[in-house]
Amino acid sequence: MHCELSVPGLLPPPEAAAILAELQLPALELLLARGRQTSDTAMTLEAWLAESFDGDPDAEAPAGALTVAALGSQAGEAGWLRADPVHLKLGRNQMALVPAAAFGAQQAEAEALVETLNRHFTGELSFLALQAERWCVRIDAPPLEALHTLTLAAVTGKDIHRSLPTGAGAQRWHKVLNEIQMALHEHPVNEAREARGDPPINSVWLWGAGRLPAGGSAHWQSVTADDPLACGYAQLAGLRHRPLPANAGAWLDRLPEDGRQLALLDTLRMPFALGDFETWRARVVELEERWCAPLMAALKSGRIGMLTLCVPDARELRSFEATRNDLRHFWRRPRPLSAHL
């Protein structure tokens, strides 16, 4: 069995090396040292998934349609966008974006806000609060294929004015964003949030335009992930797909004895983008304890035949692949994670 981990956000830029000081990651460091390394052009996780399932690294993943399909609704023939709830934080010279997943949102709040948006855009747009922090919006016309957007992860912590949709019809969506912000301003949900000291959900981020693809394929036999894009692609390709368990041991217990299996571990991108380095460090330690250490033990014992770790969004796409025999290459001495930035 070949186990593959995709871990975006694991290798930050070299100037961030200080946050790795004194981290003890023996299993991860051994895998990086003994694994056969390859590199390619850096890409976002979303682009990596699109290339893995569609074969086109330049295609914009239809995140809205895939999310609808993965979370139990019917995408149909309509065009979709993700319309994720966010807090826009006004700074001296910019409007920085903070995703709702970073500050907490309740499903009841999401549904109340979406109800207001649907009243406002009656006959034009239809919003769905599929999860508290993941919303989508349906549009039947005009086509969305020529609209270009940046993913929520790419804009997290950054100034939105440099990241708004571009391409055909972009001005219309700029206007929609302005209307959304006005509709959410002084909404009872946000008034209650501010009274509690919580950031208001004062906008959405539109990204991932397109329609549901007709199908897909991939070189994995199963996909384990909490990300609806990965699950949506797996569903289209007819692959087994399940949510992430607590650790690699639970993952291995439910896998077949052969084939190539993917686990997507996407817990590092957001805290790093928001400058929450304490959380980022804590999650790297969790990655070591819950995933890398058990999988390296399984590789040493022969329970699995190959282990691959892929980091798509470093300065270049980095992949480390090891077999049991590779672990015997003692001259490849483990180095701290900071040496791989």
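Okay, let's start with the sheet: seven strands make up an open sheet, and the order across it is E2-E14-E13-E1-E12-E10-E11, with mixed pairing. Keep in mind as we go that this is a predicted model.

So which strands sit at the edges of that sheet? They're strand E2, residues 36–41, and strand E11, residues 240–242, and each of them pairs on one side only. If you ignore direction, neighbouring strands here are turned by 15° against each other on average.

Let's zoom in on one pair. Strand E1, residues 2–6, and strand E12, residues 260–264, run parallel, and five bridges join them. If you want a spot to click on, try Cys3, which stands opposite Gln261 in E12.

Now for what lies on the sheet. Helix H12, residues 277–301, lies across E1, E12, strand E13 (306–311) and strand E14 (316–323). Against E13, helix H12 runs at about 150°.

H12 has a helix partner too. Helix H1, residues 26–34, packs with H12 at an angle of about 55°, and their axes are 8 Å apart. Angles that are neither roughly parallel, roughly antiparallel nor roughly perpendicular count as oblique, so H1 and H12 are oblique to each other. Their crossing is left-handed. Who's touching whom? On the H1 side you've got Pro26, Ala27, Leu28, Leu30 and Leu31, and they meet Glu288, Cys292, Ala293, Met296 and Lys300 in H12. Sort the residues of this contact by class and you get eight nonpolar, no polar and two charged.

On to a second helix pair. Helix H3, residues 63–70, packs with helix H9, residues 228–236, at about 75°, and the axes are 8 Å apart. That angle makes H3 roughly perpendicular to H9. From H3, the contact uses Ala63, Leu66, Thr67, Ala69 and Ala70, while H9 brings residues including Pro228, Leu229, Tyr233 and Leu236. The split for the contact of H3 with H9 is nine nonpolar, three polar and no charged.

And a third pair. Helix H5, residues 107–120, and helix H7, residues 170–184, cross at roughly 125°, with axes that come within 10 Å. That makes H5 oblique to H7. The crossing of H5 and H7 is right-handed. Leu113, Thr116, Leu117 and His120 of H5 make the contact with Glu179, Ile180, Ala183 and Leu184 of H7. By class, the H5 and H7 contact has five nonpolar, two polar and one charged residues.

Last stop: rings. How many aromatic pairs does the count come to? Eight. One of them is Trp48 with Trp220, a tilted pair with 5.7 Å centre to centre and 50° between the planes. Where do those two sit in the chain? Trp48 is in helix H2, residues 45–54, and Trp220 is in the loop between strand E9 (203–210) and strand E10 (222–224). The two are 172 residues apart, so this pair links distant parts of the chain.

Terms used. Residues are numbered from 1 along each chain as its sequence is written. This is a predicted model: local features need pLDDT of at least 70, side-chain atom pairs count only at pLDDT 80 or more; totals for chains, interfaces and linings use all residues. Side-chain values use heavy atoms; hydrogens and water are left out. Two strands pair if DSSP finds at least two bridges between them. Helices (H or I, at least four residues) and strands (E, at least two) are DSSP runs, numbered from the N terminus. Axes are lines fitted to C-alpha atoms, for helices over the stretch in contact, and angles run from 0 to 180 degrees between N-to-C directions. Contact means heavy atoms within 4.5 Å. Angles under 35 degrees count as roughly parallel, over 145 as roughly antiparallel, 65 to 115 as roughly perpendicular and the rest as oblique. A crossing is left-handed if the near helix is turned anticlockwise from the far one by less than a right angle, and right-handed if clockwise. Ala, Val, Leu, Ile, Met, Phe, Trp, Tyr, Cys and Pro count as nonpolar, Asp, Glu, Lys and Arg as charged, and the others, Gly among them, as polar. Rings of Phe, Tyr and Trp (its six-membered ring) pair if their centres lie within 6.5 Å; planes under 30 degrees apart count as stacked, over 60 as edge-to-face and the rest as tilted.
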